[in-house]
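Me: I would like to go through this model chain by chain, with the reasoning spelled out at each step. Here is the entry.

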Amino acid sequence: MNDNFPILILLFLVAAVVVLAFLALTVFFGPKRPNPDKGLPFECGTVGVGDARAPFPIKYYLAGIIFAVFDVELAFLYPWAVAFRDLRLVGFVSMMIFLAILAVGLYYAVRRGVFEWK
Amino acid sequence: MLLTLSIFIPTAAGLLILMIPRRMETLQRYVALSGTAVSFILTVIVFLNFNGSTSNFQFEESWIWVSSLGITYHLGVDGISLFLILLTTFLTFLCIISSWGSVKERIKEYHFFLLLLETGMVGVFCALDFFLFYVFWELMLVPMYFLIGIWGGPRRVYAAVKFFIYTMAGSVLMLVGILYLYFNTVDPVTGGRTFDILLITRQCHFPLGIQTWLFLAFGFAFAIKVPMFPFHTWLPDAHVEAPTAGSVLLAGVLLKMGTFGFLRFCLPMFPEAAIRFVPLISILALIGILYGALVSMVQKDIKKLVAYSSVAHLGFVMLGMFAFNLQGMAGSLLQQINHGLSTGALFLLVGVVYDRRHTRLIEDYGGIAKGMPLYASLFMIVMLSSIGVPGFNGFVGEFLILLGTFKANITYGVLGAAGVILAAVYLLWMYQRVFLGKIVHPENEKLHDCTAREAFVLIALIVFIIWIGVYPEPFLSRMEPSLQAVLDRIQEVSTAAPLVP
Amino acid sequence: MPFPLSHLLHFTPELILIVGFVVLMIVDLIRPLRRAAGILALVILAAAGVVAMFGWPGTSQTIFATYSHDPFALFFKVFFCLATIVAVLFSLASFKTDAEYYLLLVGSALGMSLLSGAHDLILLFLTIEMVSIPSYILAGVYRGQRSSGEAALKYVLYGAVSTGVMLFGMSLLYGLTGSTDFDLIRNHFLQGSSSPITLFLAMLLILAGIGYKVAMVPFHFWCPDVYEGAPTPITAFFSVAPKAAGFAALLRLTVTLLPRGWEAGWDWPMLFTLASAATMTLGNLAAIAQQNLKRLLAYSSIAHAGYLLMGFAAASDLGFQAVLFYLIVYLFMNYGAFFVVDIVSRKEGSELLRDFRGLGYRAPYVAAAFSIFLFSLVGLPPLAGFIGKFYLFGALIDQGMVPLAVIGVLNSVVSLWYYVKIIREMFLRDPLKPVPLLTGVGAKVLLLALMIPIFVMGVYWSPIIAVAGEAFQLVLP
């Protein structure tokens with residue numbers, strides 16, 4: 001092990017030198033043609049508008065939270081559906097109670113105007 | 001039952017007063033008066049039935065309060081507390097009479113707090129359970145705070161807060177000491193823990209190091225209350241700013257709680273530490289005597305003069321107590337009573353002229369003896385008692401104290417005797433400037449003399465002043481067995497260590 | 001795995017709260033019923049509290065391997081229901097608000113009541129969040145007011161950081177022990193196979209997260225700002241209920257995971273001693289300079305967290321019993337103090353010290369009640385606050401920790417300074433406006449209801465301390 005140690009260090013050094021050398025070379029010899037389009041942030045093919053820190057409606061958050069709730073609910077529903085037979089009536093009733101609570105919550109959100117987009 | 005009644009009848013009267021409509025002021029005063037009168041009569045009954053030949057506690061009452069902690073409702077009196085209780089109920093009764101004319105606003109609250117204060121004071125002297133004792137001890141703070149703060153003089157707010165913080169600072173350390181005692185003593189009968197003062201006194205034998213710390217924890221609380229020399233600064237403020245009744249009770253009773261605490265707890269519970277602290281306490285007491293007297297001499301305000309004279313008098317009390325012989329201790333206890341009577345009377349006397357002129361500066365008076373002969377003579381008697389002239393109570397107390405001190409340590413005795421002379425100087429000088437000479441201020445010409453009520457209160461005090469001065473035997477004989485018991489306890493441990501270092 | 005439905009019966013108080021929560025949501029949508037939401041919340045909370053009380057003391061067992069059903073949990077369930085009931089009464093007497101407000105209070109009570117039995121890191125974390133999230137919204141319930149919004153934002157930001165810290169600690173603990181179940185973690189600890197430093201770090205991070213909840217120094221910075229900005233009833237609620245929840249979690253963690261005699265190689269009582277001394281000293285010293293009474297009481301509640309930590313420093317049965325007892329007393333006196341501040345600030349428009357000048361002459365009853373609460377907070381006998389402190393100091397001295405006890409009693413003297421400042425302002429100064437300050441009958445009755453326990457427990461507290469002693473029986477493996 002000790003015999004190989006200097007070789008290991010040498011390998012590291014060579015690697016570092018090579019990498020740094022290539023980086024340096026591109027800086028010196030690479031062509032530079034700046035273009036405003038290149039500086040734009042790329043967002044799924046659409047052109048960005050305004051500043052990233054612009055405030056946007058709180059409705060997004062509300063919808064987002066509601067989405068998260070139902071997303072997690074689905075995560076519960078899958079294993080429940082798989083084990084449906086073994087859980088029998090108890091499992092069915094518990095899940096219905098769970099869904100009923102969620103439904104009341106959804107109804108509440110609707111009535112409080114979470115989805116009204118003015 | 002007698003003690004419980006004399007403790008709680010004032011509170012009951014106080015609560016009754018709170019229910020009386022505000023405008024019926026005379027009725028409120030009468031309820032307060034009868035409450036304190038009943039309490040006083042009950043303590044007189046206790047006094048008359050007291051067996052003066054034993055050091056045991058009498059009129060004991062004991063009920064279990066919180067059994068899981070070993071807290072009991074335990075009351076009792078012995079020769080030490082008997083007179084202090086009597087003094088308390090007597091002075092409170094007189095205070096109610098004396099404030100009949102001088103306190104005119106918020107009468108309802110005034111009497112309520114005064115009565116609550118009485119409960120606390122009598123309770124402290126009677127309590128034989130540490131928890132109960134601490135409850136009464138702290139209970140006094142609040143009414144006194146309000147008495148000074150609402151009905152006091154111009155700097156009352158400052159004085160009230162200072163009084164409150166000072167005494168609270170002392171008493172919380174005592175709480176730590178009490179808890180330490182509690183967790184380190186065992187009830188021999190039940191094997192559990194107990195707050196019973198008698199049991200703890202009998203059971204506690206700590207090594208000297210721990211005794212010293214405990215002595216300091218308790219002693220700090222008591223030294224502030226007494227007040228001993230470096231902790232006295234709250235006293236002039238509180239005394240001067242308090243209303244007359246407040247000053248009387250502060251000087252007459254509250255200060256005695258400190259000395260009483262030393263006598264009841266510090267000496268019998270931590271005797272070795274107490275012996276160790278004799279030089280320190282004696283020197284502080286002597287500084288108190290001389291410093292109090294010298295500062296009194298230069299006061300311009302009569303009330304402040306009386307307040308500083310308290311520092312000196314209480315110095316005597318501490319000096320006598322730490323002589324550790326029967327004369328010193330008996331003198332010390334007697335002097336506590338004397339101080340309560342004569343300084344209480346002095347504050348009442350100052351209150352009399354203050355009600356007429358609304359000033360307490362010596363220079364605003366002069367020659368008023370001509371217009372107020374009765375007042376001048378009453379003042380003279382009380383003053384002579386305060387100086388310690390033979391024939392008055394002050395003489396008996398100071399004589400015994402000095403006798404005891406000389407026996408213990410001649411140097412302390414000589415210095416203490418010098419304090420007696422200084423007391424004569426500042427009081428006589430003040431008397432001369434206030435009462436004698438020509439009338440300088442025309443307002444002083446038509447001051448009316450004491451009213452019948454004022455004279456009654458003062459004469460009631462003077463009766464005791466002269467009684468103790470001429471025939472102290474009934475008082476001393478009842479004290480001695482209990483004091484001897486404390487002394488025995490000290491002597492027990494001092495066989496190993498010499499009494500006088 | 002069989003599904004023992006009968007175990008659900010142990011959750012009856014929580015089930016009542018859940019059903020009540022849903023019913024409140026529906027009530028909120030029906031306009032004519034909306035006004036009764038406060039009363040309905042009271043009924044729900046009272047029902048849950050009474051059911052929990054009937055279960056007392058019950059048998060100790062662990063349910064679903066994540067939840068302890070023991071006297072300790074029941075004690076705190078009743079406590080949290082009571083604390084929330086007082087908050088609802090306080091709000092009803094104080095201001096008109098949406099039904100949503102009561103909904104959030106009930107939700108918070110649900111979270112706290114689950115937290116009292118949490119026997120698993122994940123459940124503990126979830127329930128702490130269940131308490132916190134409604135609190136964030138409640139702090140900002142005055143939508144138009146800048147200070148209320150500021151309070152809510154600060155609460156959320158500090159809360160998020162501390163939650164993150166706690167979660168990191170929990171993940172470390174999970175990584176070390178491979179389990180989230182307290183019993184398994186404890187067993188792992190007792191085998192002593194983990195590196196003590198990592199273990200210390202993990203526990204320290206968790207304690208930091210909980211320390212934030214109870215406003216322990218140095219995690220107290222949010223407290224004065226949030227308390228000042230939030231509406232007073234909510235401030236009072238924060239100062240009692242979530243704080244007590246933090247202490248409940250801390251108690252269970254300390255007792256289950258840090259058993260006496262074995263301290264994971266670290267001196268935990270020493271850590272609590274330092275935290276306690278720092279918390280009460282800083283809280284009391286900072287309170288002296290305050291002119292705004294809500295801020296002053298905020299610092300005072302920090303100081304009280306310090307007193308409560310003394311019980312943890314003692315780390316004895318007596319100490320933990322004292323903590324439970326003190327929490328009960330603290331509920332009454334702190335709610336009382338905040339309630340008076342609310343009464344006055346509603347009439348005067350602010351809660352500065354000078355608004356209380358001469359209150360003793362403008363509203364004698366309210367001022368007298370305030371003095372009782374303040375004297376009880378100082379710890380003057382014969383009020384309940386004294387008995388609480390008495391037990392805490394006693395527990396310390398029993399363990400021979402006299403220095404901390406001395407620091408504690410000296411702190412009482414410091415606290416006297418600022419409490420007396422308020423009393424001085426009320427009684428010893430003449431009012432700025434000599435007009436009477438009128439209060440409703442409801443408010444007076446509520447004040448009386450808060451005062452009576454303070455007097456009664458100051459003289460006759462044996463049953464309560466017995467309950468606290470009985471409650472301190474946790475499920476241990």
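Me: How many helices and strands does chain A have?

Reply: This is a predicted model, in which local features need pLDDT of at least 70 and side-chain atom pairs count only at pLDDT 80 or more, while totals for chains, interfaces and linings use all residues. Residues are numbered from 1 along each chain as its sequence is written, and chains are lettered from A and ligands numbered from 1 in the order in which they are written. Helices (H or I, at least four residues) and strands (E, at least two) are DSSP runs, numbered from the N terminus. Along the sequence of chain A they follow the pattern α-α-β-β-α-α, and the count is 4 helices and 2 strands.

Me: What is the radius of gyration of chain A, and what does the globule rule give for 118 residues?

Reply: The radius of gyration is taken over C-alpha atoms, and the globule rule is 2.2 Å times the number of residues to the power 0.38. The C-alpha trace of chain A spans about 70 × 55 × 20 Å along its principal axes. Chain A is more spread out than a compact globule, because its radius of gyration is 29 Å, well over the rule's value for 118 residues, 13 Å.

Me: What percentage of the residues of chain A count as buried?

Reply: A residue is buried if 20 or more other C-beta atoms lie within 10 Å of its own, exposed if 12 or fewer, and partly exposed in between, with C-beta atoms placed from the backbone. By that count, the buried share of the 118 residues of chain A is 0%.

Me: What is the radius of gyration of chain B?

Reply: Chain B has 20 helices and 2 strands, and buried residues make up 60% of its 501 residues. For that length the globule rule gives 23 Å, and chain B is as compact as a globular protein of 501 residues because its own radius of gyration is close to this, at 22 Å.

Me: Which residues of α19(B) are exposed?

Reply: Helix α19 (residues 452-470) of chain B has 19 residues, which at 1.5 Å a residue (the expected span being 1.5 Å times one less than the number of residues) should span 27 Å, and its end C-alpha atoms are 26 Å apart, which agrees. Its buried residues are Glu454(B), Val457(B), Leu458(B), Leu461(B), Ile462(B), Phe464(B), Ile465(B), Ile468(B) and Gly469(B). They lie on the same side of α19(B), because they cover an arc of only 155 degrees around the axis, the arc being that of the directions from the helix axis to the C-beta atoms. On the other side, the exposed residues are Ala452(B), Arg453(B) and Val463(B).

Me: Which element gives the largest share of the side of chain B that touches chain C?

Reply: Two residues are in contact if their C-beta atoms, placed from the backbone, lie within 7 Å, and by this criterion 25 residues of chain B are in contact with 22 residues of chain C. The elements of chain B that give two or more residues to this side are α5 (130-139), α6 (141-151) and α7 (156-183). The largest share, 15 residues, comes from α7(B).

Me: Is Ala369(C) buried or exposed?

Reply: Ala369(C) lies in helix α15 (residues 364-378) of chain C. Leaving aside neighbours within four places in sequence, Ala369(C) is in contact with Gly336(C), Val340(C), Leu447(C) and Met451(C). Because Ala369(C) has 25 C-beta neighbours inside 10 Å, it counts as buried.
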